[in-house]
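User: I'd like a close look at a single helix in this model, and then at how the rest of the chain sits around it. Could you walk me through that part and spell out your cut-offs as you go?

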Amino acid sequence: MNRPQDQYWSAEQLCGSLREEVYFDGRRILCFSQRPATLAQMFADVVAQFPERPAVIEGRRLSYRELDAEVARIAAGLAHFGFRQGDRIALLLFNRWEYLAIVLACARLGVIAVPLSTRLQQPELEFLLSDCGAKGIIFDDELARIIPELATVPTVEHVITMEGIVRGARSFADLLADHRQPQPVTINEEDTAVILYTSGTTGQPKGAMLSHLGIVHSSLTFARCLGLTHEDKAIVAVPMSHVTGLVGVSLATLCVGGAIVMMRQAYKTDAFLELASRECITFTILVPTIYTLVTMNAGLDNVNLSAWRVGCFGGAPMPEATIEKLHEKLPNLALINAYGATETTSPTTIMPISAWRDHMDSVGQVVPCGAVRVVDAAGHDLLPGEPGELLIAGPMVVSGYHNRPEANASEFVDGYWRSGDIGSIDTDGFVRVFDRQKDMINRGGLKIFSAEVENVLNHHEDVLECAVVGRADPVLGEKVHAFVVPYENHTVNTESIRRFCTERLSDYKVPETVTALNTPLPRNANGKVQKHLLKNQF
């Protein structure tokens, strides 16, 4: 396995000793030698160590001892309802303390939790329930309108509503009745704990099977690389149905006995600032757009965020203007880039805290147990600094996709997952991600990374967000086109965008045409820009 030079990471210092182990289809991977074997064991260890410390804050405040009691009640209820090891249960819920408790209860029983986006429509939900073979679904009552008829999803035996006001559904309160505790089950590290569906920007979503091994390693990796402890408070401002909300924030905080503060519904900057200030949050992971919205909010000067020390981000470059404003308002906040995917149970790389100011063009270094190869189209390893496809290995990489043998055969090769991302690793081990293979623009044989052009446009004083795509051209094949959302009361046009880019980019990378939008960029349920919808405007 190709591992970068360890300039910043000290695996032994951060994570203890590592050892090579063999899992899944014979993958030889580095693992933490000292670790809990399962998600359930990870939670039990924390309960034993920090029983009276706050565990989750949302509606009510639960200590780890109290959360453990609720998890036991839910597990007993699920077993009473007939859920057995290997069964799947779908969760269609807004962020709430019960969400975390249900996932932990499932982990105790060996039942597989399937978190689903609350932004789904009925046909999408029907497909996902059928695809995973869900035995039941637990949902927030206000989402009842998208629950399909049971006849269309014959595997579903139990429809459970949180508030108990939906006719024909069982109440979540029934789970919390005084049921007999189930017999313990034997759970292996390789067993699937959670199925998370990929974004599905093109084609049907695929259910990535997150193992106990991967969830434990990812949680420990975030906690140790970012220096999280039981003193930390994390705010979950992204959906728990996303790997970032569930693993990157919630379980990474839980594994060290920290407190998890949840925002129940859709992100609103005013609510975020008020909650973050009131609870003295210290850590979170957000997309760059949210950081930009924070800097733009007039209420930022009226809240105390001095405790906030680690702000992770990923998915897009951080605009320089946002960095400067955050540094001015929150000088103690370290902005830590990270890179990962659902298939990697979140982190593949994390920026060392000591290096973030000097490497903002990088997504950090490969995490201690991870391995990344950069290969050309023929699968040959490339030299440091040369761009190619990133192949990722490690204990955090999922075993595969649920019921997708063709995708498993094509996307998991020789123990590595083919990310489809184009990037490079320099001689100091810093990884850079340039673009998705499918988003690369081919202009007359010249390859253009759309992310490079977007990064430049994000520095334009009038640009709130942007997306760059290839526009079909009969002569060149493709030309560069920019979709731009300006700040409120600002305007942009093709001339101003081209002039700005001409001073900063090679001539063939400069957008030839520009569309100014008066609505936000279209995004899927996981927050990723849906470029194919933008291209449909042509």
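Analyst: Take α4: at 1.5 Å a residue its 13 residues should span 18 Å, and the end C-alpha atoms are 19 Å apart, which agrees. The expected span here is 1.5 Å times one less than the number of residues. Helices (H or I, at least four residues) and strands (E, at least two) are DSSP runs, numbered from the N terminus. This is a predicted model, so local features need pLDDT of at least 70 and side-chain atom pairs count only at pLDDT 80 or more, while totals for chains, interfaces and linings use all residues. Residues are numbered from 1 along each chain as its sequence is written, and side-chain values use heavy atoms, with hydrogens and water left out.

α4 is mostly covered, with 12 of its 13 residues buried. Buried means under 20% relative accessible area, exposed means over 50%, and partly exposed is in between (1.4 Å probe, protein chains only). Among the buried ones are W97, E98, Y99, L100, I102 and L109. Right after α4 comes G110, whose phi is positive, near 80°.

E98 is the charged one to look at. E98 pairs with R96 in a salt bridge, with the closest N and O atoms 2.9 Å apart. A salt bridge here is a side-chain nitrogen of Lys or Arg within 4 Å of a carboxyl oxygen of Asp or Glu. Both partners are covered: E98 counts as buried at 9% relative accessibility, and R96 counts as buried at 4%.

Now for what α4 packs into. The largest nonpolar core has 124 residues, and α4 (residues 97-109) gives the largest share of it, 11 residues. By nonpolar core I mean a set of buried Ala, Val, Leu, Ile, Met, Phe, Trp, Tyr and Cys residues joined through side-chain atoms within 4.5 Å. In soluble globular proteins, nonpolar side chains tend to be buried together. L67, I138 and F272 touch the most other members of that core. I138 leads straight back to α4, since I102 is one of the residues it touches, along with I89, A90, L91, L92, L93, I160, M162, F172 and L175, leaving out residues up to four places away in sequence. Contact means heavy atoms within 4.5 Å. Apart from this core lies another, of 24 residues, among them F94, L125, C132 and I146.

L67 takes you to α3. The 18 residues of α3 (residues 64-81) should span 26 Å at 1.5 Å a residue, and the end C-alpha atoms are 25 Å apart, which agrees. Buried residues of α3 include Y64, L67, E70, V71, I74 and F81. Just after α3, G82 takes a positive phi of about 105°.

Back to charges for a moment. The structure holds 34 salt bridges. One of them joins E21 and R19 (2.6 Å, N to O); E21 counts as buried at 12% relative accessibility, whereas R19 counts as partly exposed at 42%. Another links R432 and D426, the closest N and O atoms being 3.0 Å apart. There R432 is buried, with a relative accessible area of 16%, and D426 is partly exposed at 22%. R61, K233, E274, R278 and E279 are linked in a network of salt bridges.

As for cysteines, the count of disulfides comes to zero, a disulfide being a pair of cysteine sulfur atoms within 2.5 Å. Take C280: its sulfur is 20 Å from the closest cysteine sulfur, in C312, too far for a bond. C280 is partly exposed, with a relative accessible area of 46%, whereas C255 is buried at 13%.

Further along the chain, V492 sits in the loop between β27 (477-486) and α14 (494-502). V492 counts as buried at 12% relative accessibility. Leaving out residues up to four places away in sequence, V492 touches D462, V463, V484, P486, I497 and A516. V492 and V514 are 22 residues apart in sequence and 8.9 Å apart in space, C-alpha to C-alpha.

Zooming out, the chain has 15 helices and 28 strands. Of its 538 residues, 59% count as buried. Residues 24 or more positions apart account for 66% of the contacts with a separation of 6 or more. The C-alpha trace spans about 70 × 50 × 50 Å along its principal axes. A compact globule of 538 residues would have a radius of gyration near 24 Å, and the chain has 23 Å, which agrees. That radius is taken over C-alpha atoms, and the globule rule is 2.2 Å times the number of residues to the power 0.38.
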